[in-house]
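User: I'm new to reading protein models and would like a close look at a single part. Could you walk me through the salt bridges, one residue at a time?

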Amino acid sequence: MFALTATSSVAFASAPSVADLDAAARAVGNRRDIAQNIGRAIFRTRWPAEVNQVSANEMDGHLIVGIRIWGVKFHRPLTRADFVDEIVSLTGDIFSATPDAEEIDFWAAVPIDVRKDEVVSGDLARPTSRTVFSLTVLRREGAQPLHERAMEENDGVFWDAQWVRDAFRSVS
């Protein structure tokens, strides 16, 4: 006499998190794997100024991370100091997630209006955004000096004056 046993095997797949989806969609560079890992770490937070691209590039053993932030449509009103606080927080999260990164290049961009018939890709492309803030952070720099340095336009920090006047609320 033979006994038959029926078994059922059900595989369950978990849906990716929003952070995982954002990390995959916004990662670029020749070390996209590292960019995605950084994305998973930073996209768990809803930043007031939206991070819209994470790049990781490695050359000759040097790993550089790039973070592009939209300089428009903040998730809440920000002061200039709030914006810098976000940069400082991102810096800590990124260096924690990527111990081999030597530097992080931050830049904020705003869209440029383009005409309907304007060429926006290829060799004759016109820019569709412009940089309004940029800052490079080296791993060897500390967080507090970073905050103080980032508040001013000097020492490798660029702030577009018109954008600063338009983008940030004033503190009363």
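Analyst: Here is a walk through the salt bridges, with a little of their surroundings.

Keep in mind that this is a predicted model. To get your bearings, the protein has five helices and six strands. Starting at the N terminus, these elements follow the order α-β-α-β-β-α-β-β-α-β-α. Of its 172 residues, 37% are buried.

Now to the charges. Side chains of opposite charge can pair when their charged atoms come close. The structure contains nine salt bridges, and a good place to begin is Asp82.

Asp82 sits in helix 3, and its side chain meets that of Arg76 in a salt bridge, at 3.8 Å from N to O. Asp82 also forms a salt bridge with Arg169, here at 3.6 Å from N to O. This second pair ties together distant parts of the chain, since Arg169 lies in the segment after helix 5 (161-167), 87 residues apart from Asp82.

Are these residues buried or exposed? Asp82 has a relative accessibility of 19%, so it counts as buried, the cut-off being under 20%. Arg76 counts as partly exposed because its relative accessibility is 42%. Arg169 is also partly exposed, with a value of 42%.

Next, look at Glu58 and Arg31. They form a salt bridge in which the closest N and O atoms are 2.5 Å apart. This pair, too, links distant parts of the chain: Glu58 belongs to strand 2 (residues 51-59), while Arg31 is in the loop between strand 1 (27-28) and helix 2, and the two are 27 residues apart. Glu58, at 31% relative accessibility, is partly exposed, and Arg31 is partly exposed at 26%.

The helices named beside these pairs also have a relationship of their own. Helix 2 (residues 32-42) packs against helix 3 (residues 80-97) at an angle of about 130°, and their axes are 9 Å apart. The two helices are therefore oblique to each other, and helix 2 passes helix 3 in a right-handed crossing.

Finally, some charged residues join up as a group: Arg115, Asp117, Glu118 and Arg126 are linked in a network of salt bridges. For contrast, turn to some nonpolar residues. Ile112, Val114 and Val120 form a nonpolar patch on the surface, together offering about 210 Å² of accessible area. Val114 is found in the loop between strand 4 (101-111) and strand 5 (129-138). Its relative accessible area is 39%, so Val114 is partly exposed.

Methods. Residues numbered from 1 in each chain as written. Predicted model: local features only at pLDDT ≥ 70, side-chain atom pairs only at ≥ 80, totals over all residues. Heavy atoms only, no water. Patch = residues over 30% accessible without salt bridge, like charges linked within 9 Å, V, L, I, M, F, W, Y side chains within 5 Å. Areas by Shrake-Rupley, 256 points an atom, 1.4 Å probe, with all protein chains shown as cover. Salt bridge = Lys/Arg side-chain N within 4 Å of Asp/Glu carboxyl O. Helix = DSSP H or I, 4+ residues; strand = E, 2+ residues; numbered from the N terminus. Buried < 20%, exposed > 50% of the residue type's maximum accessible area, 1.4 Å probe, protein only. Axes fitted to C-alpha atoms, helices over the stretch in contact; angles between N-to-C directions. Parallel < 35°, antiparallel > 145°, perpendicular 65-115°, else oblique. Left-handed = near helix turned anticlockwise from the far one by under 90°.
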